[in-house]
Amino acid sequence: MAHNARFLAGASQPARIPAFPYPEVAFAGRSNVGKSSLLNRLVGQRRLARVSKTPGRTQQINFFLVDERLTFVDLPGYGFARVPLRVKDEWKRLVEAYLVERRRLRAVIVLVDLRRLLEDDDALLVDFLAANHIPCLLVATKADKLAYGARLQAVAALDALASKRGFDALACSAESGEGMDRLWKKIEALSS
Ligand SMILES: Nc1nc2c(ncn2[C@@H]2O[C@H](COP(=O)(O)OP(=O)(O)OP(=O)(O)O)[C@@H](O)[C@H]2O)c(=O)[nH]1
Ligand SMILES: [Mg+2]
């Protein structure tokens, strides 16, 4: 299904995070995991959010209005080793400031690579969300990069891990479009 989406604003300082009157769903995950690609695929617009081969580029929070009723939030990625410590601190300040005071935030989609599942930084984020009572959906992307057998195994591991931690999970690919319908259904359920 086609969606209408447009850029609303970007924020790079905690004190300057704008508020919007729509329910909000945020996309978080490691640098380069595919947050911007997924967001673009979900709305069917290739160039809405910037996709980059260089990890750690986007240091700001970007807000997009979808179908005039829902805000998608592209959070800056974490876990990129070559980012200086000062930038890591700024990331933490910015993202935590966003997450803890966000009235209309309905859920955070924590995006992981299906080939790697939860790494240390992802687990920290998931625990932070749980501690702050923010609903979380675990989405494993780049499913297209796995062959059939490896993929079945990875999805089983993803399900096990999600049920152990008590949240919902699904696998998808921004490349092939797999999983987009299921993801949209979850987003609708979380944001309505
Ligand atoms: N094969 C495959 N490649 C993908 C998929 N999703 C993203 N990529 C590629 O992964 C790279 C990073 O994608 P981005 O969408 O920019 O990742 P990001 O998480 O937004 O990265 P930051 O903004 O740096 O945090 C790009 O080269 C994408 O083309 C996918 O589902 N399958
Ligand atoms: Mg991005």
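**Exercise 1. The shell around ligand 1**

Task: In this predicted model, how do the residues of the shell around ligand 1 divide by class, and which helix gives the largest share?

Solution.
Step 1. Sort the shell residues by class: 3 are nonpolar, 11 polar and 7 charged.
Step 2. Look at where the shell residues come from. Helix α1, residues 35–43, gives the largest share, with 3 residues.
Step 3. Pick out the nearest residues. Of the 21 residues around ligand 1, those that come nearest are Gly 34, Lys 35, Ser 37, Asp 144 and Ala 174.

**Exercise 2. Contacts with oxygen atoms of ligand 1**

Task: Which N or O atoms of Val 33, Lys 142 and Ala 174 lie by an oxygen atom of ligand 1, those of the backbone or those of the side chain?

Solution.
Step 1. For Ala 174, a backbone N or O atom is 2.8 Å from an oxygen atom of the ligand.
Step 2. For Val 33, a backbone N or O atom is again involved, at 3.3 Å from a ligand oxygen.
Step 3. For Lys 142, the N or O atom belongs to the side chain, and the distance to an oxygen of ligand 1 is 3.2 Å.
Step 4. Add the cover: ligand 1 on its own has 660 Å² of accessible area, and the protein covers 89% of this.

**Exercise 3. The second largest pocket**

Task: What is the volume of the second largest pocket, and which residues lie nearest its centre?

Solution.
Step 1. The volume of this pocket is about 480 Å³.
Step 2. Its lining has 20 residues; Tyr 78, Lys 88, Trp 91, Lys 92 and Asp 121 lie nearest the centre.
Step 3. By class, the lining holds 10 nonpolar, 5 polar and 5 charged residues.
Step 4. Both α2 (85–100) and α3 (120–131) supply at least two lining residues. The largest share, 8 residues, is from α2.

**Exercise 4. A salt bridge**

Task: Where in the chain are the partners of the salt bridge between Glu 188 and Arg 69?

Solution.
Step 1. Side chains of opposite charge can pair when their charged atoms come close.
Step 2. The side chains of Glu 188 and Arg 69 form such a bridge, with 3.1 Å from N to O.
Step 3. Glu 188 is in helix α5 (residues 180–191), while Arg 69 is in the loop between β3 (61–66) and β4 (70–74). The two residues are 119 residues apart, and the pair links distant parts of the chain.
Step 4. The structure holds 11 salt bridges.

Note on methods. Residues are numbered from 1 along each chain as its sequence is written. Chains are lettered from A and ligands numbered from 1 in the order in which they are written. This is a predicted model: local features need pLDDT of at least 70, side-chain atom pairs count only at pLDDT 80 or more; totals for chains, interfaces and linings use all residues. Side-chain values use heavy atoms; hydrogens and water are left out. On a 1 Å grid over the protein atoms alone, a cavity is a set of points where a 1.4 Å probe fits but cannot get out, and a pocket is an open set with protein on both sides within 12 Å along at least five of seven lines; lining residues have an atom within 4 Å of a point. Grid points are joined across faces, edges and corners, and a volume is the space filled by probe spheres set on the points. Helices (H or I, at least four residues) and strands (E, at least two) are DSSP runs, numbered from the N terminus. Ala, Val, Leu, Ile, Met, Phe, Trp, Tyr, Cys and Pro count as nonpolar, Asp, Glu, Lys and Arg as charged, and the others, Gly among them, as polar. A residue is near a molecule or strand if one of its heavy atoms lies within 4 Å of it. A polar contact is a pair of N or O atoms within 3.5 Å; within protein, one must be able to donate a hydrogen and the other to accept it, and residues adjacent in sequence count only if both atoms are side-chain atoms. Accessible areas come from the Shrake-Rupley method with a 1.4 Å probe; for residues, only the protein chains shown count as cover. A salt bridge is a side-chain nitrogen of Lys or Arg within 4 Å of a carboxyl oxygen of Asp or Glu.
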